[in-house]
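Please look first at how the strands are laid side by side, and then at how the helices and charged side chains are placed around them. The paragraphs below follow that order.

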Amino acid sequence: MSAGGGTKAIIAALLANAGIAVAKFVGYLITGSSSMLAESVHSLADTSNQGLLLLGQKTAKRKANVEHPFGYGRDRYFYSFIVALMLFTLGSAFALYEGIHKLQHPEPLSSPLVAVIILVVAIGLETYSFRTAIVESRLIKGDATWWQFIRQSRTPELPVVLLEDAGALFGLVFALIGVGLATITGDPVWDSIGTLTIGVLLGVIAIILIIEMKSLLIGEGATPTELDTIVDELAAGRIERVIHIKTQYIGPDELLVAAKVAMTSGLPVEDVAQAIDDAEQRVRAKVPAARLIYIEPDLDRSTAPTS
């Protein structure tokens with residue numbers, strides 16, 4: 001997917017979260033609900049996160065130079081990793097702290113109807129953001145399940161936005177349940193339980209994102225399907241077989257391919273060079289992300305006669 005492939009989903013999430021954060025904080029000031037405060041901080045963190053994702057997309061477009069000969073594509077992985085850390089620290093940790101604090105020192109809610117109205121509106125806005133992320137993701141997801149897409153995607157922004165929006169939706173539902181039960185029963189403990197549930201939910205999502213973004217930042221190779229395609233396209237024409245191959249995504253849209261291939265023996269240098277050029281064209285036609293291809297020709301010694 002191109003660098004702008006997830007921009008629409010990111011912007012939709014940013015606008016939705018910014019508006020929701022303001023509304024939730026106003027609701028917290030009116031009601032004193034800890035669930036509303038936790039959700040306010042959550043939405044504020046999400047808004048900052050979308051800004052970081054957009055910043056990562058911008059800085060990743062810088063041209064390669066002597067110091068960074070492969071470019072800055074991994075900036076998108078770096079900022080996505082920072083987003084995961086912020087979701088854990090600002091979202092999960094704060095919600096857990098606030099929930100425990102209000103459990104120890106419960107306070108009755110004032111004007112709970114205001115909180116309910118704000119949460120219902122927020123659910124509507126967050127649903128729009130989540131739907132946008134789903135539509136954008138389906139363009140590249142293919143036949144993979146959603147979990148496979150999150151685990152296997154080499155493009156970090158959409159999995160991040162998907163999980164953030166899913167967490168936000170469930171968090172809003174938990175907050176609504178907490179406020180509702182606290183109002184019906186008159187026991188503010190339910191509001192605290194809702195806050196703790198939000199903290200646990202965000203913690204789980206943050207840990208998943210941290211693991212996935214760390215893996216991308218370190219460097220992941222081509223997917224199994226991509227690797228099979230690359231090997232098949234290389235082992236054609238005057239290339240007899242691929243002796244060994246290594247791949248690595250140096251950015252979401254840029255795959256590095258290094259391979260040693262067995263050539264037909266007795267070929268002139270010109271034919272070897274042409275065979276390599278043809279192989280590169282075949283690979284790029286089937287796997288456009290394979291922009292950097294280095295092929296080392298060799299003889300297939302595995303089939304050479306022994307004396």
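In this predicted model, I245 stands opposite A259 in β2, and Y249 stands opposite L255 in the β2 strand as well. Residues are numbered from 1 along each chain as its sequence is written, and because the model is predicted, local features need pLDDT of at least 70 and side-chain atom pairs count only at pLDDT 80 or more, while totals for chains, interfaces and linings use all residues. Side-chain values use heavy atoms, with hydrogens and water left out.

Strand β1 (residues 239-251) and β2 pair in the antiparallel sense over 10 bridges, where two strands are taken to pair if DSSP finds at least two bridges between them. Strands (E, at least two residues) and helices (H or I, at least four residues) are DSSP runs, numbered from the N terminus. The connection from β1 to β2 is a hairpin of 2 residues. On β2 there is also a parallel pairing, with strand β3 (residues 292-299), made through 8 bridges, and in β3 the bridge partner of M263 is L299.

Taken together, the 3 strands form an open sheet of order β1-β2-β3 with mixed pairing. Because β1 and β3 stand at the edges, each with a single partner strand, one side of each is left without a neighbour in the sheet. From one strand to the next the twist averages 15 degrees. Strand β2 (residues 254-263) is mostly covered, 8 of its 10 residues being buried, which here means under 20% relative accessible area, with exposed set at over 50% and partly exposed in between (1.4 Å probe, protein chains only).

The route from β2 to β3 involves a helix: β2, α9 and β3 make a right-handed β-α-β unit, right-handed meaning that, with the strands pointing away from the viewer, the path from the first strand over the helix to the second runs clockwise. Within helix α9 (residues 269-286), E280 and R284 are 4 residues apart and thus separated by about one helical turn. These two residues form a salt bridge whose closest N and O atoms are 3.7 Å apart, a salt bridge being a side-chain nitrogen of Lys or Arg within 4 Å of a carboxyl oxygen of Asp or Glu. E280 counts as buried at 16% relative accessibility, whereas R284 is partly exposed, with a relative accessible area of 32%.

The structure holds 11 salt bridges, and another of them joins R62 to D75, with the closest N and O atoms 2.8 Å apart. Since R62 lies in the loop between α2 (34-59) and α3 (75-104) and D75 in helix α3, the pair ties together parts that are 13 residues apart in sequence. R62 is partly exposed at 41% relative accessible area, while D75, at 16%, counts as buried. Helix α3 also contains E98 and K102, 4 residues apart, or about one turn of the helix; their salt bridge has its closest N and O atoms 3.4 Å apart, and both residues are buried. Elsewhere, R76, E157 and D253 are linked in a network of salt bridges.

Finally, helix α1 (residues 7-31) packs with α2 at an angle of about 155 degrees, the axes being 7 Å apart. That angle makes α1 roughly antiparallel to α2, a description used for angles over 145 degrees.

Technical notes
Axes are lines fitted to C-alpha atoms, for helices over the stretch in contact, and angles run from 0 to 180 degrees between N-to-C directions. Angles under 35 degrees count as roughly parallel, over 145 as roughly antiparallel, 65 to 115 as roughly perpendicular and the rest as oblique.
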